[in-house]
Amino acid sequence: MKGLIFGPLGAGKGVQCRKLEKQEGVRHVETGTILRENREMETPYGTPADYIEAGDYVPDEVINEVVEQILRDESRFILDGYPRTMSQVSYLSSITDLSVMVYMHVSDETTLNRLKNRQICSSCNESYHEEYKPPAQTGQCDSCAAPLVERSDDDEEIIRHRIEVYKEKTVPVIEHYSDQLDVISIDAERPHDVVWKELSSAIRPYL
Ligand code: AMP
């Protein structure tokens, strides 16, 4: 399986992909996490942190190289958060073919609500939410017991900017792939376990 997953911020892509990785062994390649883990890496364009903190995309050259290195050794993967610009689309087409795209849709209002009260695990990146997905113990990850933290870019003003950047740069990418690939379209306003049930059965033929 060589897949892509798209959807607005807070659609729950990471939660679904981590399940896919755990249960089906499909490598979850999440560029946001990779960049956060390498936030202070020096590049000719500055560090990833300079862009992440502002809610802007890191330069294509930086992320393209990172993704290429990972895909060199992978034949079963789902890309989450990449490609996000049309220039990343052309780069990706030069390094791999693709079989399917998952699109998870939620409204802007849901995006804002989910991100404003989101916490992520400081170790395994699992995400939690006060209302939709509370941890069993406050402030602690259910899977690995590490402390939960807030993402610095989950601030309301930065979230609004991230939504704008997403609409301007990434919606055209989704439109492009909608014409090229098989699309699994999922209503992600529903609880994570309901979404997983639908997604895991729809994706089975591609595994
Ligand atoms: P995410 O966790 O997917 O919301 O990504 C967090 C931040 O990482 C984004 O706001 C961007 O600054 C950066 N980022 C992640 N993936 C990409 C990408 N494919 N291209 C450019 N920037 C990215």
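Which residues lie nearest the centre of the second largest pocket? Hold that thought while I set the scene.

This is a predicted model, so to speak of local features we need pLDDT of at least 70, side-chain atom pairs count only at pLDDT 80 or more, and totals for chains, interfaces and linings use all residues. Residues are numbered from 1 along each chain as its sequence is written, and side-chain values use heavy atoms, with hydrogens and water left out.

Now the answer. Arg-36, Ile-120, Ser-122, Asn-125 and Val-149 lie nearest the centre of that pocket, which has 14 lining residues. A pocket here is an open set of points on a 1 Å grid over the protein atoms alone, with protein on both sides within 12 Å along at least five of seven lines; lining residues have an atom within 4 Å of a point. Its volume is about 200 Å³. Volume means the space filled by probe spheres set on the points, with grid points joined across faces, edges and corners. Helix 2 and strand 5 each give two or more residues to this lining. Helix 2 has the largest share, 3 residues. Helices (H or I, at least four residues) and strands (E, at least two) are DSSP runs, numbered from the N terminus. By class, the lining has 3 nonpolar, 5 polar and 6 charged residues. Ala, Val, Leu, Ile, Met, Phe, Trp, Tyr, Cys and Pro count as nonpolar, Asp, Glu, Lys and Arg as charged, and the others, Gly among them, as polar.

Three of those central names come back elsewhere. Take Ile-120 and Val-149: they are bridge partners, with Val-149 in strand 7. Strand 5 and strand 7 run antiparallel and are joined by 2 bridges. Two strands pair if DSSP finds at least two bridges between them. They belong to an open, antiparallel sheet of 3 strands, in the order 6-5-7. Strand 6 and strand 7 (148–149) are at the edges with a single partner strand each, so one side of each has no neighbour in the sheet.

Then Asn-125. It sits in the loop between strand 5 and strand 6. Its phi is near 75°, a positive value in a residue other than glycine. Most residues other than glycine have a negative phi, and most peptide bonds are trans. On that second point, a cis peptide bond joins Tyr-82 and Pro-83, with omega about -5°. Pro-83 is in the loop between strand 3 and helix 5.

Next, the other sheet. How many strands form it, and in what order? There are 5, in the order 2-3-1-4-8, open and with parallel pairing. Strand 2 (27–30) and strand 8 (182–187) are the edge strands, each pairing on one side only. From one strand to the next, the twist averages 20°. Helix 1 (residues 13–24) packs on this sheet, touching strand 1 (2–6), strand 2, strand 3 and strand 4 (100–105). Contact means heavy atoms within 4.5 Å. The direction of helix 1 makes about 150° with that of strand 2. Axes are lines fitted to C-alpha atoms, for helices over the stretch in contact, and angles run from 0 to 180 degrees between N-to-C directions. Strand 2 and strand 3 (residues 77–80) pair over 4 bridges. Glu-30 stands opposite Asp-80 there.

Now a helix pair. Helix 5 (residues 86–95) and helix 7 pack at about 40°, axes 9 Å apart. That makes helix 5 oblique to helix 7. The cut-offs: under 35 degrees is roughly parallel, over 145 roughly antiparallel, 65 to 115 roughly perpendicular, and the rest oblique. Met-86, Val-89 and Leu-92 meet Pro-172, Val-173, His-176 and Tyr-177. That contact has 6 nonpolar residues, 1 polar and no charged.

Back to empty space. The largest pocket has a volume of about 510 Å³. It is lined by 20 residues, and Arg-18, Glu-21, His-28, Cys-124 and Glu-126 lie nearest its centre. Helix 1 gives the most, 6 residues. The classes are 5 nonpolar, 6 polar and 9 charged.

Last, the structure holds 1 cavity of 30 Å³ or more. A cavity is a set of points where a 1.4 Å probe fits but cannot get out. The volume of the largest cavity is about 880 Å³. Of its 44 lining residues, Leu-9, Lys-13, Arg-84, Arg-151 and Arg-162 are the closest to its centre. Helix 2 gives the most to this lining, with 5 residues.
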